[in-house]
Amino acid sequence: MRDDPRLPSAPGFWRSPLRGPWFTSVLGLVLLVGITVLFVTGLLSYAAYNPDLAPVNDKTPDKGILGFYLFAWPTNPHWLYRLNQGVHVTLGITLIPVLLAKLWSVVPRLFALPPARSLAHALERISLLLLVGGALFEFVTGVLNVQLEYVFPGSFYPLHFYGAWVFFAAFAVHAALKTPAALRNLRGLREGSTRDLRTSRKSVPETAAPAAEPDTLVSPRPDTPTVSRRGALTFVGGGSLLLFLTTAGQNADGLLRRTALLAPHGGPDPGTGPNGFQINKTARYAGIRPAQTSREAWRLVVTGRTGTVRLSRDDLLRLPLHSASLPIACVEGWSTSDQWWRGVRLRDLAALVGHDDPPDVFVESLQRRGAFRHAALRANQVADPRSLLALYVNGEELSPDHGHPARVIVPAAPGVLNTKWVARMTFGDL
């Protein structure tokens, strides 16, 4: 079977002259750095939800020791989550061409026989299968979530979280086994890789270089080359650059946002005026009716150590009002620039019900269905003077889509924790 040229297990089945240790090593080292950054920013994104604070924040309750690193998410700098999630999503999309090129470059190894020649080779093959499957799973679920296509057989959060740990474990094993060889390949093939493949049917004589497995990557019967390896890398890099340029703008404003053609929150802002900036869900989508939010009907229920108070919007307006300039940043990777919010400090609301030292708070929305209609905030978030129950944005009352009559806004917190259409706040240890 190994020698039958009609089968993918035969070295002669794969005839592209581009495949080889040098090409694969370059792509692998790019992914080594990029995927490590993706994993770290993904862990930080999960920590930003404060999942160990309250069950409503924790979408992966069975994580066990995988939550060993969790810490109280800070409020400084106020753009921390915006930067972290922007890097995570934009880098992940930008790496897609590199990942696909890498998988294409090593596809002969997936069919190589015998399946295992040694214990180290068996570990590498197992890690490779987990690596390929994990990479495709993580990138596909991530892209679908960014595109707001929730077609998963369950919640995105546990699927992506547990999948990331399986994928990165396989990635770490594979990187430990292959990185030394990749560095040797780059050093040993530097001179040969500069030759133009179009001048020779046999391409670069990589079998003479110190490559780890040239028989599984370099074809013994290569086709006539149509592009050099450097040209192929340029093509892959151009694809990554194009994805970057059509995605990164969702974290900007004005003309730059219009370049984010591949992002659901790219393009023009959804309106004009003080409330004319991006939102994650409309009041209509959330089932919020005008009858619930009118001045006559709506009351904020605040509960704490000394009991419960019910506050109308007019009652809130008679309390000291403060302003803060803060962005909104969401897990899908989009964000707004700093908006000017004005309202009552959360710590002042805590003081109304007997908490001079701000505690945690449990926030409930008028929204009846959907994830994060309830959210919990840590004491450090409540205590921050920029944390507000906002009544105004950019000098105007909140619009229904931005959370009228009142919404939470907290520095450096994920957008879903900035609860809109707030109905009840319960202060105390959670």
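This report describes the overall build, the annotated spans, the cores and the internal spaces of one predicted model.

## Overall build

The chain has 430 residues, and 52% of them are buried. Along its principal axes, the C-alpha trace spans about 80 × 45 × 35 Å. The secondary structure consists of 12 helices and 10 strands.

Contacts can also be sorted by how far apart the partners are in sequence. Among contacts in the chain with a separation of 6 or more, 70% are between residues 24 or more positions apart.

## Annotated transmembrane regions

An unreviewed UniProt entry lists residues 21-49, 87-107, 128-147 and 159-177 under "transmembrane region". Such annotations may be inferred rather than shown by experiment.

The model can be read alongside two of these spans. Residues 87-107 are 95% helix and 0% strand, with 29 Å between the end C-alpha atoms. For residues 128-147, the helix content is 95% and the strand content 0%, and the end C-alpha atoms lie 28 Å apart.

## Nonpolar cores

The largest nonpolar core contains 71 residues. Within this core, Leu 300, Leu 349, Leu 389 and Met 425 touch the most other members. Helix 1, which covers residues 21-47, gives the most to this core, with 10 residues.

Leu 300 shows what such a position looks like in detail. With neighbours within four places in sequence left aside, the contacts of Leu 300 include Leu 349, Leu 389 and Met 425. Leu 300 also touches Val 309, Arg 310, Leu 311 and Leu 316, as well as Val 422, Ala 423 and Arg 424. A second core, separate from the largest, has 12 residues, among them Cys 330, Trp 334, Leu 398 and Ile 409.

## Cavities

A search of the whole structure gives 4 cavities of 30 Å³ or more. The largest cavity holds about 660 Å³ of space. It is lined by 30 residues, and those closest to its centre are Gly 42, His 88, Glu 138, Phe 156 and His 160.

Four helices each give two or more residues to this lining: helix 1, helix 2 (80-94), helix 4 (119-146) and helix 5 (156-188). Helix 5 gives the most, with 8 residues. By class, the lining of the largest cavity has 19 nonpolar, 9 polar and 2 charged residues.

## Pockets

The largest pocket has about 920 Å³ of space. Its lining is made up of 39 residues, and Lys 281, Tyr 285, Gln 367, Gly 370 and Ala 371 lie nearest its centre. The lining of the largest pocket divides into 17 nonpolar, 13 polar and 9 charged residues.

The second largest pocket has a volume of about 220 Å³. Of the 13 residues that line this pocket, Arg 299, Ser 365, Leu 366, Arg 368 and Ala 423 lie nearest the centre. Ala 423 is also one of the residues in contact with Leu 300. Helix 9 (290-293), strand 5 (361-365) and strand 10 (422-427) each supply at least two residues of the lining of the second largest pocket. That lining has 6 nonpolar, 3 polar and 4 charged residues.

Definitions and conventions: Residues numbered from 1 in each chain as written. Predicted model: local features only at pLDDT ≥ 70, side-chain atom pairs only at ≥ 80, totals over all residues. Heavy atoms only, no water. 1 Å grid on protein atoms, 1.4 Å probe; cavity = no way out; pocket = protein on both sides within 12 Å on 5 of 7 lines; lining within 4 Å. Points joined across faces, edges and corners; volume = space filled by probe spheres on them. Nonpolar A, V, L, I, M, F, W, Y, C, P; charged D, E, K, R; others polar. Core = buried A, V, L, I, M, F, W, Y, C linked by side-chain atoms within 4.5 Å. Buried < 20%, exposed > 50% of the residue type's maximum accessible area, 1.4 Å probe, protein only. Contact = heavy atoms within 4.5 Å.
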